[in-house]
Amino acid sequence: MEADLSGFNIDVPRWDQRTFLGRVKHFLNITDPRTVFVSERELDWAKVMVEKSRMGVVPPGTQVEQLLYAKKLYDSAFHPDTGEKMNIIGRMSFQLPGGMIITGFMLQFYRTMPAVIFWQWVNQSFNALVNYTNRNAASPTSVSLAASCHGKA
(Lines give C-alpha, C1' and ligand atoms only; values in the text may rest on other atoms or scores of the structure.)
Protein backbone atom coordinates (compact mmCIF):
# COMPACT_ATOMS: atom_id res chain seq x y z
CA MET A 1 0.00 0.00 0.00
CA GLU A 2 1.40 3.37 -1.05
CA ALA A 3 1.55 6.28 1.37
CA ASP A 4 -0.43 9.40 0.46
CA LEU A 5 2.16 12.14 0.03
CA SER A 6 -0.18 14.77 -1.40
CA GLY A 7 -0.15 16.87 1.80
CA PHE A 8 3.48 16.19 2.67
CA ASN A 9 5.73 19.27 2.78
CA ILE A 10 9.39 18.37 3.13
CA ASP A 11 10.31 21.84 4.38
CA VAL A 12 7.97 21.76 7.38
CA PRO A 13 10.03 20.82 10.46
CA ARG A 14 9.40 17.31 11.72
CA TRP A 15 9.25 18.51 15.33
CA ASP A 16 7.59 21.63 16.76
CA GLN A 17 10.30 24.31 16.69
CA ARG A 18 8.41 26.44 19.22
CA THR A 19 9.39 24.00 21.98
CA PHE A 20 12.81 23.35 23.42
CA LEU A 21 12.47 19.59 23.01
CA GLY A 22 11.42 20.02 19.37
CA ARG A 23 14.47 22.15 18.64
CA VAL A 24 16.75 19.66 20.42
CA LYS A 25 15.34 16.75 18.38
CA HIS A 26 15.81 18.73 15.17
CA PHE A 27 19.41 19.63 16.06
CA LEU A 28 20.27 16.05 17.06
CA ASN A 29 18.73 14.78 13.83
CA ILE A 30 20.77 16.97 11.49
CA THR A 31 24.01 16.72 13.49
CA ASP A 32 23.89 12.92 13.75
CA PRO A 33 27.55 11.81 13.43
CA ARG A 34 26.49 8.70 11.50
CA THR A 35 25.70 10.90 8.50
CA VAL A 36 29.44 11.52 8.08
CA PHE A 37 29.83 7.95 6.87
CA VAL A 38 27.10 8.13 4.23
CA SER A 39 28.40 7.73 0.67
CA GLU A 40 28.51 10.60 -1.81
CA ARG A 41 26.08 8.66 -3.97
CA GLU A 42 23.54 8.49 -1.14
CA LEU A 43 23.95 12.20 -0.43
CA ASP A 44 23.31 12.97 -4.09
CA TRP A 45 20.22 10.72 -3.95
CA ALA A 46 19.01 12.67 -0.90
CA LYS A 47 19.42 15.98 -2.71
CA VAL A 48 17.46 14.70 -5.71
CA MET A 49 14.69 13.37 -3.46
CA VAL A 50 14.40 16.66 -1.54
CA GLU A 51 14.33 18.69 -4.76
CA LYS A 52 11.72 16.38 -6.32
CA SER A 53 9.61 16.54 -3.16
CA ARG A 54 9.74 20.35 -3.25
CA MET A 55 8.48 20.23 -6.84
CA GLY A 56 5.75 17.75 -5.88
CA VAL A 57 7.17 15.03 -8.12
CA VAL A 58 7.94 12.08 -5.85
CA PRO A 59 8.75 8.72 -7.47
CA PRO A 60 5.96 6.14 -7.11
CA GLY A 61 6.37 3.86 -4.11
CA THR A 62 8.26 6.46 -2.07
CA GLN A 63 7.52 6.28 1.63
CA VAL A 64 7.40 9.20 4.08
CA GLU A 65 10.28 7.62 6.04
CA GLN A 66 12.45 7.71 2.91
CA LEU A 67 11.71 11.41 2.41
CA LEU A 68 12.43 12.18 6.06
CA TYR A 69 15.75 10.32 5.82
CA ALA A 70 16.60 12.15 2.60
CA LYS A 71 15.83 15.48 4.31
CA LYS A 72 18.04 14.49 7.27
CA LEU A 73 20.95 13.73 4.92
CA TYR A 74 20.30 16.86 2.88
CA ASP A 75 20.20 19.12 5.95
CA SER A 76 23.36 17.55 7.35
CA ALA A 77 25.47 17.76 4.19
CA PHE A 78 24.22 20.63 2.01
CA HIS A 79 24.51 24.32 2.83
CA PRO A 80 21.11 25.89 3.51
CA ASP A 81 21.93 29.09 1.59
CA THR A 82 23.83 27.80 -1.43
CA GLY A 83 22.63 24.20 -1.70
CA GLU A 84 26.23 23.13 -2.26
CA LYS A 85 27.65 20.02 -0.61
CA MET A 86 29.72 21.10 2.37
CA ASN A 87 33.25 19.94 3.12
CA ILE A 88 32.94 16.82 5.28
CA ILE A 89 35.27 18.21 7.97
CA GLY A 90 33.24 21.44 8.21
CA ARG A 91 29.85 19.76 8.62
CA MET A 92 28.16 20.02 12.00
CA SER A 93 27.77 16.24 11.98
CA PHE A 94 31.58 15.96 12.05
CA GLN A 95 31.88 18.17 15.13
CA LEU A 96 31.57 15.31 17.63
CA PRO A 97 34.03 12.86 16.07
CA GLY A 98 36.41 15.58 14.88
CA GLY A 99 36.42 17.40 18.20
CA MET A 100 36.94 14.17 20.11
CA ILE A 101 39.92 13.20 17.96
CA ILE A 102 41.55 16.59 18.31
CA THR A 103 40.85 16.73 22.06
CA GLY A 104 42.39 13.27 22.45
CA PHE A 105 45.55 14.40 20.70
CA MET A 106 45.66 17.61 22.74
CA LEU A 107 45.44 15.58 25.95
CA GLN A 108 48.01 13.04 24.79
CA PHE A 109 50.65 15.41 23.41
CA TYR A 110 50.94 18.22 25.95
CA ARG A 111 54.46 17.63 27.26
CA THR A 112 56.37 19.94 24.93
CA MET A 113 55.70 23.51 23.92
CA PRO A 114 55.85 22.77 20.15
CA ALA A 115 53.27 19.97 20.58
CA VAL A 116 50.93 22.24 22.56
CA ILE A 117 51.25 24.99 19.97
CA PHE A 118 50.71 22.56 17.10
CA TRP A 119 47.58 20.95 18.56
CA GLN A 120 46.14 24.34 19.55
CA TRP A 121 46.70 25.44 15.94
CA VAL A 122 44.97 22.26 14.65
CA ASN A 123 42.04 22.88 17.00
CA GLN A 124 41.66 26.53 15.97
CA SER A 125 41.99 25.63 12.29
CA PHE A 126 39.28 23.00 12.68
CA ASN A 127 37.00 25.55 14.38
CA ALA A 128 37.70 28.12 11.67
CA LEU A 129 36.86 25.59 8.95
CA VAL A 130 33.59 24.67 10.68
CA ASN A 131 32.69 28.35 11.06
CA TYR A 132 33.53 29.09 7.43
CA THR A 133 31.63 26.06 6.14
CA ASN A 134 28.51 27.00 8.14
CA ARG A 135 28.68 30.73 7.46
CA ASN A 136 25.75 32.79 6.25
CA ALA A 137 26.45 32.47 2.54
CA ALA A 138 23.47 34.63 1.59
CA SER A 139 25.40 37.74 2.66
CA PRO A 140 28.64 38.70 0.93
CA THR A 141 31.82 38.25 2.97
CA SER A 142 33.76 41.46 3.49
CA VAL A 143 37.54 41.23 3.33
CA SER A 144 38.01 44.78 4.52
CA LEU A 145 39.31 45.03 8.07
CA ALA A 146 37.84 48.53 8.51
CA ALA A 147 34.39 47.41 7.37
CA SER A 148 34.38 44.39 9.70
CA CYS A 149 35.59 46.45 12.68
CA HIS A 150 32.88 49.08 12.25
CA GLY A 151 30.03 46.68 11.50
CA LYS A 152 29.84 47.72 7.84
CA ALA A 153 29.91 45.20 5.05
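## An exposed glutamate in a loop

E84 is exposed, with a relative accessible area of 54%. The cut-off for that label is over 50%, so at 54% E84 falls on the exposed side. This residue sits in the loop that links helix 3 and helix 4, in what is a predicted model.

What does E84 touch, once its neighbours within four places in sequence are left aside? The partners are A77, F78 and H79. There is also a link across the sequence to look at: E84 and K47 stand 37 residues apart along the chain, while their C-alpha atoms are 9.9 Å apart in space.

## The chain as a whole

Let us step back to the overall picture. The chain has 6 helices and 0 strands, and its elements run α-α-α-α-α-α from the N terminus on. Of the 153 residues in the chain, 28% are buried.

How are the contacts spread along the sequence, counting those between residues at least 6 apart? Among these, 67% join residues that are at least 24 apart.

## Helix 2 against helix 3

Now for a pair of helices worth rotating on your screen. Helix 2 and helix 3 pack with their axes 8 Å apart, at an angle of about 115°. Helix 2 is therefore roughly perpendicular to helix 3. The crossing of helix 2 past helix 3 is left-handed.

On the helix 2 side, the contact is made by E42, L43, W45, A46, K47, M49, V50, S53 and R54. Helix 3 answers with Q66, L67, Y69, A70, K71, L73, Y74 and A77. Sorted by class, this contact of helix 2 with helix 3 holds 11 nonpolar, 2 polar and 4 charged residues. K47, the residue paired with E84 in the C-alpha distance above, is part of the helix 2 side.

## Two nonpolar cores

The largest nonpolar core has 13 residues, and the members that touch the most others are L43, V50, L67, A70, L73 and F78. Two elements give two or more residues to this core: helix 2 (40–55) and helix 3 (64–77). Helix 3 gives the most, with 5 residues. Another core, of 7 residues, lies apart from this one, and its members include I102, W119, V122 and F126.

Which residues does V50 contact, leaving aside neighbours within four places in sequence? They are I10, A70, K71 and Y74. Of these partners, A70, K71 and Y74 also appear on the helix 3 side of the helix 2 contact.

## Helix 4 against helix 5

Helix 4 (residues 95–108) and helix 5 (residues 113–133) form another packed pair, with axes that come within 9 Å and cross at roughly 165°. Helix 4 is therefore roughly antiparallel to helix 5. Helix 4 passes helix 5 in a left-handed crossing.

From helix 4, the contact involves Q95, G98, G99, I102, F105 and M106, which meet W119, Q120, V122, N123, F126 and V130 of helix 5. The class count here is 7 nonpolar, 5 polar and no charged residues. I102, W119, V122 and F126, named above as members of the 7-residue core, take part in this contact too.

## E40 and its partners

Finally, a look at E40, which lies in helix 2. Is E40 buried, partly exposed or exposed? Its relative accessibility is 43%, so E40 counts as partly exposed.

Beyond its neighbours within four places in sequence, E40 is in contact with K85 and R91. E40 and K85 are 45 residues apart along the chain, and 9.5 Å separates their C-alpha atoms.

Notes:
Residues numbered from 1 in each chain as written. Predicted model: local features only at pLDDT ≥ 70, side-chain atom pairs only at ≥ 80, totals over all residues. Heavy atoms only, no water. Core = buried A, V, L, I, M, F, W, Y, C linked by side-chain atoms within 4.5 Å. Buried < 20%, exposed > 50% of the residue type's maximum accessible area, 1.4 Å probe, protein only. Helix = DSSP H or I, 4+ residues; strand = E, 2+ residues; numbered from the N terminus. Contact = heavy atoms within 4.5 Å. Axes fitted to C-alpha atoms, helices over the stretch in contact; angles between N-to-C directions. Parallel < 35°, antiparallel > 145°, perpendicular 65-115°, else oblique. Left-handed = near helix turned anticlockwise from the far one by under 90°. Nonpolar A, V, L, I, M, F, W, Y, C, P; charged D, E, K, R; others polar.
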